[in-house]
Amino acid sequence: NVAGKAVGFGEALTPEFTDYAEQVVANAKTLADVFRDAGLSLVSGGTDKHLMLLDLRESHPDLTGEAAEEALEDVGITVNKNTVPGETRSPFVTSGVRIGTPALTTRGFDAAAMETVGELIVDRLDAPDDPDVAAAVRDEVDRLCAEFPVYE
């Protein structure tokens with residue numbers, strides 16, 4: 001356990017880790033900008049860290065966090081349903097989704113790729129029951145995954 005912590009702390013001291021951490025935050029800000037431009041509500045108005053929380057109540061009042069999570073999972077995008085401040089739904093259903101950027105950053109996603117991811121999420125949330133939108137989003141997710149593989 002101690003050795004694992006030592007290795008982690010050692011990695012955190014490298015310039016590469018600093019660059020990675022800065023890119024994680026830059027990617028999150030890019031994604032947040034796409035969501036704001038599309039009229040989605042971000043809890044706290046944006047982000048200055050690795051994740052953000054979308055409040056769907058205004059932009060998609062009939063879409064729960066649970067349904068949004070399932071619709072996005074169906075096309076290969078992983079998010080988590082999450083309660084939001086002033087939550088009116090059950091914590092098992094929720095009105096929001098939490099989205100993070102470390103995994104995509106680790107794959108090498110840059111600002112342009114994050115803009116595409118944001119647009120895909122918006123498209124899917126706008127039409128969660130449309131099979132044609134689902135197919136188009138899934139195809140683009142597959143293309144991005146091929147362009148930015150986990151392992152080379």
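A contact here means heavy atoms within 4.5 Å. With that in place, I can start on the chain: among contacts between residues at least 6 apart in sequence, 62% join residues at least 24 apart. Keep in mind throughout that this is a predicted model.

Overall dimensions next. The chain has 152 residues, and a compact globule of that length would have a radius of gyration near 15 Å; the chain has 16 Å, so the two agree. Along its principal axes the C-alpha trace spans about 50 × 35 × 30 Å. As for burial, 34% of the 152 residues count as buried.

Now the secondary structure. There are six helices and four strands. Reading from the N terminus, the elements go α-α-β-β-α-β-β-α-α-α.

The four strands make an open sheet, in the order S1-S2-S4-S3, and the pairing is antiparallel. At the edges are strand S1, residues 41–42, and strand S3, residues 80–82, each of which pairs on one side only. S3 has S4 as an antiparallel partner, and three bridges connect them. Within that part of the sheet, Asn80 stands opposite Arg98, a residue of S4.

Two loop residues deserve a word on backbone geometry. As background, most residues other than glycine have a negative phi. Ser44 is not a glycine, yet its phi is positive, about 75°. Thr94 is not a glycine either, and its phi is also positive, at about 65°. Where are they found? Ser44 is in the loop between S1 and strand S2, the latter being residues 51–55. Thr94 is in the loop between S3 and S4.

Are these two buried or exposed? Ser44 has a relative accessible area of 73%, and the cut-off for exposed is over 50%, so Ser44 is exposed. Thr94 comes out at 1% relative accessibility; buried means under 20%, so Thr94 counts as buried.

On to the largest pocket. The space in the largest pocket is about 410 Å³. Its lining consists of 20 residues, and those nearest its centre are Gly76, Ile77, Thr78, Gly100 and Leu104. Which elements supply at least two residues each to this lining? They are strand S4, residues 96–100, and three helices: H4 at 102–107, H5 at 111–126 and H6 at 131–147. S4 therefore appears twice in this talk, as a lining element of the pocket and as a strand of the sheet, with the element boundaries taken from DSSP runs. By class, the lining has 14 nonpolar residues, four polar and two charged.

Last, one residue in helix H5, namely Ala113. Its relative accessible area is 5%, and because buried means under 20%, Ala113 is buried. What does Ala113 touch, leaving aside residues up to four places away in sequence? The answer is Leu144 and Phe148. There is also a pairing by distance with a residue much earlier in the numbering: Asn27 is 86 residues away from Ala113 along the chain, and their C-alpha atoms are separated by 9.0 Å.

To recap, the items to look for in the viewer are the open four-stranded sheet, the positive phi at Ser44 and at Thr94, the largest pocket with its 20 lining residues, and buried Ala113. That is the end of my part.

Terms used: Residues are numbered from 1 along each chain as its sequence is written. This is a predicted model: local features need pLDDT of at least 70, side-chain atom pairs count only at pLDDT 80 or more; totals for chains, interfaces and linings use all residues. Side-chain values use heavy atoms; hydrogens and water are left out. On a 1 Å grid over the protein atoms alone, a cavity is a set of points where a 1.4 Å probe fits but cannot get out, and a pocket is an open set with protein on both sides within 12 Å along at least five of seven lines; lining residues have an atom within 4 Å of a point. Grid points are joined across faces, edges and corners, and a volume is the space filled by probe spheres set on the points. Ala, Val, Leu, Ile, Met, Phe, Trp, Tyr, Cys and Pro count as nonpolar, Asp, Glu, Lys and Arg as charged, and the others, Gly among them, as polar. Two strands pair if DSSP finds at least two bridges between them. Buried means under 20% relative accessible area, exposed over 50%, partly exposed in between (1.4 Å probe, protein chains only). The radius of gyration is taken over C-alpha atoms; the globule rule is 2.2 Å times the number of residues to the power 0.38.
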